[in-house]
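The following report considers selected strands and their pairing. The sequence and structure are shown first.

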Amino acid sequence: MAVRSREPRSPRSFLAPIPDGAALYARDVRDPTTSRLAAFGTTIFARMSALAAETGAINLGQGFPDTDGPTEVLDAAVAAIRGGQNQYPPGLGIADLRHAVAEHQQRFWGLTVDPDTEVLITAGATEALAGSLLGILETGDEVIVFEPMFDSYQACIALAGATVVPVTLIPGVDGYTFDPEALRAAVSPRTRLILLNTPHNPTGKVFTRDEMLTIAEVALEHDLLVITDEVYEHLVFDDREHVPMATLPDMWERTLTISSGGKTFSTTGWKIGWVCGPQEIVRAAMRAKQFLTYVNGAPFQPAIATGLRLGDDYFTGLARRLQDARDSLATGLDRAGFTVYPSEATYFTTVDITPVRADGDGMALCEQLPHLIGVVAVPNEVFYVDPARGRNLVRFACCKRPEVINEAVERLGRLKEVLA
């Protein structure tokens with residue numbers, strides 16, 4: 001793999017010598033949080049889910065289903081527990097799941113992956129991202145990320161001592177787009193990698209093939225690595241095409257692909273994810289990951305392997321059901337008076353609240369909604385480096401049973417009257 005010439009690795013900052021006594025004890029012992037995390041409080045998902053529980057509101061904020069996954073997958077987990085698969089699995093993950101991931105990449109995306117050297121099983125995609133970023137980044141590196149972005153991205157990059165450089169996705173009647181020149185301008189001598197989420201949370205955007213080729217061109221021109229978060233790869237609507245970065249010309253050698261079973265099999269609590277890519281980049285992620293959880297989810301790993309081998313009808317049926325839920329929710333949001341931006345994939349639909357709340361304060365509206373009409377949503381401002389860029393945007397999730405979506409739509413229909 002061709003990578004940039006880099007200075008020899010300096011010791012990780014968290015392995016540096018302890019400061020002298022004066023510096024050490026000058027810190028506030030009442031709040032010993034490292035400065036790298038000082039800006040990150042409790043996640044918005046925990047806050048809004050707690051508000052849903054407190055008020056009894058319908059939770060369309062946090063993206064988790066309210067139904068169990070396929071019976072075959074659940075039964076495989078039970079069988080694994082009763083069969084004694086309850087101790088530490090191998091550091092890379094159990095062989096059967098690694099092989100299932102490799103089969104999945106070949107079956108759906110035409111990628112040939114070595115299950116023994118190019119697949120790493122992780123505690124969900126969140127740990128896969130953390131391990132990859134901590135294993136690759138040096139203090140002072142820069143990471144280009146399309147915003148709005150999932151909130152763990154900024155935190156993990158900060159933990160690595162690196163800096164987020166955002167490229168903003170702009171909403172419009174045809175969905176979200178970005179300016180290729182803004183992407184090119186974001187590159188500096190300190191840029192180490194591009195972190196790309198497609199299908200994209202929170203916008204529901206699917207990056208087109210042309211957009212992916214533009215991003216690949218920038219990566220190749222500047223010799224950058226790319227980490228892709230593809231956890232919504234099977235939740236794509238309206239016959240759109242998901243294009244994995246690793247499938248594009250000359251990109252396998254510099255791409256680390258991350259996904260998980262949580263969204264695809266409605267098992268978000270199991271936290272079984274994976275990393276695929278060239279051996280040397282996967283090894284970098286493994287070196288950090290082994291000191292995070294080490295391993296996890298022994299009986300759930302063979303269950304997710306079962307899920308990855310389900311027939312095509314399961315995957316197409318899942319997308320179709322979510323598309324129907326998206327349509328119902330979008331209709332209700334439109335009737336409630338919001339400007340609804342197209343959702344091309346994922347669990348999520350984003351709206352501009354300005355027609356409903358003139359001051360465009362999405363955070364305030366999300367704090368009010370549970371009390372006003374019994375519905376919880378998430379303010380998009382938390383997904384931006386500069387919250388002002390997303391102040392007027394709010395995200396709703398459709399990954400609930402049809403009757404729950406219908407009830408939420410009915411409650412949303414009372415919003416204009418309540419706010420009048």
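## Strand pairing and burial

In E15, valine 394 is the bridge partner of proline 379. The model under discussion is a predicted one. The contact belongs to the antiparallel pairing of E14 with strand E15 (residues 393-397), which comprises two bridges.

These strands are part of an open sheet of four strands, ordered E11-E12-E15-E14 and paired in the antiparallel sense. Strand E11 (339-340) and strand E14 (378-379) occupy the edges with a single partner strand each, so one side of each has no neighbour in the sheet.

A second group of pairings centres on strand E3. E3 runs parallel to strand E7 (residues 191-197) and also pairs in the parallel sense with strand E4 (residues 163-168). Together with helix H6 (residues 151-159), E3 and E4 make up a β-α-β unit that is right-handed.

The pairings for which a bridge count is available are listed below.

| Strand pair | Sense | Bridges |
|---|---|---|
| E3 and E4 | parallel | six bridges |
| E3 and E7 | parallel | four bridges |
| E14 and E15 | antiparallel | two bridges |

Individual residues illustrate the register of E3: glutamate 142 lies opposite threonine 163 in E4, and valine 143 lies opposite leucine 193 in E7.

How many residues of strand E3 (residues 142-147) are buried? Six of the six are buried, so the strand is largely enclosed by the rest of the structure. Both faces of E3 are covered, with Glu142, Ile144 and Phe146 buried on one side and Val143, Val145 and Glu147 buried on the other.

How values were computed
Residues numbered from 1 in each chain as written. Predicted model: local features only at pLDDT ≥ 70, side-chain atom pairs only at ≥ 80, totals over all residues. Heavy atoms only, no water. Buried < 20%, exposed > 50% of the residue type's maximum accessible area, 1.4 Å probe, protein only. Pairing = 2+ DSSP bridges. Right-handed = clockwise from strand over helix to strand, strands pointing away.
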